[in-house]
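Let's take a walk through this protein together. Have the structure open and turn it around as you read.

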Amino acid sequence: MAADNTSVIEFILTGLTNHPELQIPLFFLFLGFYTVTIMGNLGLITLIGLNSHLHIPMYFFLFNLSFIDFSFSTAIIPKMLMSFVSKKNIISYAGCMTQLFFFCFFVFSESFILSAMAYDRYVAICKPLLYTVTMSPQVCLLLSLGVYGMGVFGAMAHTGNIVFLTFCAGNIVNHYMCDILPLLELSCSSSYINVLVVFIVVTIGIGMPIVAIFISYGFILASIFHIRSTEGRSKAFNTCSSHIIAVSLFFGSGAFMYLKPPSVLPLEQGKVSSLFYTIVVPMFNPLIYSLRNKDVKFALKKTLRRITFS
């Protein structure tokens, strides 16, 4: 495939910065971020798996979110860390396309798992008596299949769009990963159609989940305003607050990066903004859901007690 579509057999990733004095400090900083991300997400996955009282739809989706965040970080950060300690951070053409595929897959999957979580909160707050029936195991399974199905769609659309480009203007990618916009800039056959495909696919990946989330929270807010007790309203808001924070961080940083033309946001600045949804969001999600969730705190204490007594 590489030989038919490009004269480039490998790319050089420039990394996050060109300042030598910052390389080692940044290596340890992002290694720390990656460690927290791995421990947080794997810890949440383990807690949900070991505690039967967390085997409900809300935590089923949180389990999937943690799995996506863990995989997302692993697809990006190890290669990024290499750029801080190696003179030339080389990645093969096939390796670049593979990283791009999984990057797009997990970005799309995270977008749609967040919308599935919003729907779950809508059913829990607006239709509590029908919650068990509406969010049955079969429905949860179908929603998760839809989430990963959209992930495959987004990954194939973006990767297919890039694979058919010709790279003859050089092989230096101005990024710490194989992202869509730097590869389009590097290609000598990139056209208006390629850019339009990117915009349409990204709009689907961000637009559809955002619309679903806004509709869900519109109904949730209407339902909350009909709750007479202050305690009931507070409980409903607390149920949604963690999800709202996660949604704001992920979609805010993603939209800022991809839904603006390159002239408004140069790639050099785009590298910095992409750190939010590739590194910061996967690291913060387990912290947000564990520190603000009584059930997760209880499960953590229960699990630690088991380990202590054993």
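Start with the sheet in this predicted model: 3 strands come together in the order β2-β1-β3, forming an open sheet with mixed pairing. At its edges sit β2 (89-92) and β3 (172-173), and each of these pairs on one side only. Now look at how β1, residues 10-13, meets β2: the two are antiparallel and share 4 bridges. You can pick out one of those partnerships yourself, since Phe11 has Ile91 in β2 as its bridge partner.

Next, see what leans on these strands. Helix α3, which covers residues 57-85, packs on the sheet and touches β1 and β2. The direction of α3 makes about 140 degrees with that of β2. Then there's helix α4 (residues 93-126), lying across β1 and β2 and running at about 85 degrees to β2.

Time to zoom out. How many helices and strands does the protein have? The count is 11 helices and 3 strands, and from the N terminus on they follow the pattern α-β-α-α-β-α-α-α-β-α-α-α-α-α. The radius of gyration is 21 Å, close to the 19 Å that the globule rule gives for 310 residues, so the protein is as compact as a globular protein of that length. Along the principal axes, its C-alpha atoms fill a box of roughly 65 × 45 × 35 Å.

What about inside and outside? Of the 310 residues, 48% count as buried. If you take the contacts with a separation of 6 or more, 80% of them are between residues 24 or more positions apart. As for the outside, the accessible surface is about 15,200 Å², and carbon and sulfur atoms account for 73% of that.

Methods: Residues numbered from 1 in each chain as written. Predicted model: local features only at pLDDT ≥ 70, side-chain atom pairs only at ≥ 80, totals over all residues. Heavy atoms only, no water. Pairing = 2+ DSSP bridges. Contact = heavy atoms within 4.5 Å. Axes fitted to C-alpha atoms, helices over the stretch in contact; angles between N-to-C directions. Rg over C-alpha atoms; globule rule 2.2 N^0.38 Å. Buried < 20%, exposed > 50% of the residue type's maximum accessible area, 1.4 Å probe, protein only. Areas by Shrake-Rupley, 256 points an atom, 1.4 Å probe, with all protein chains shown as cover.
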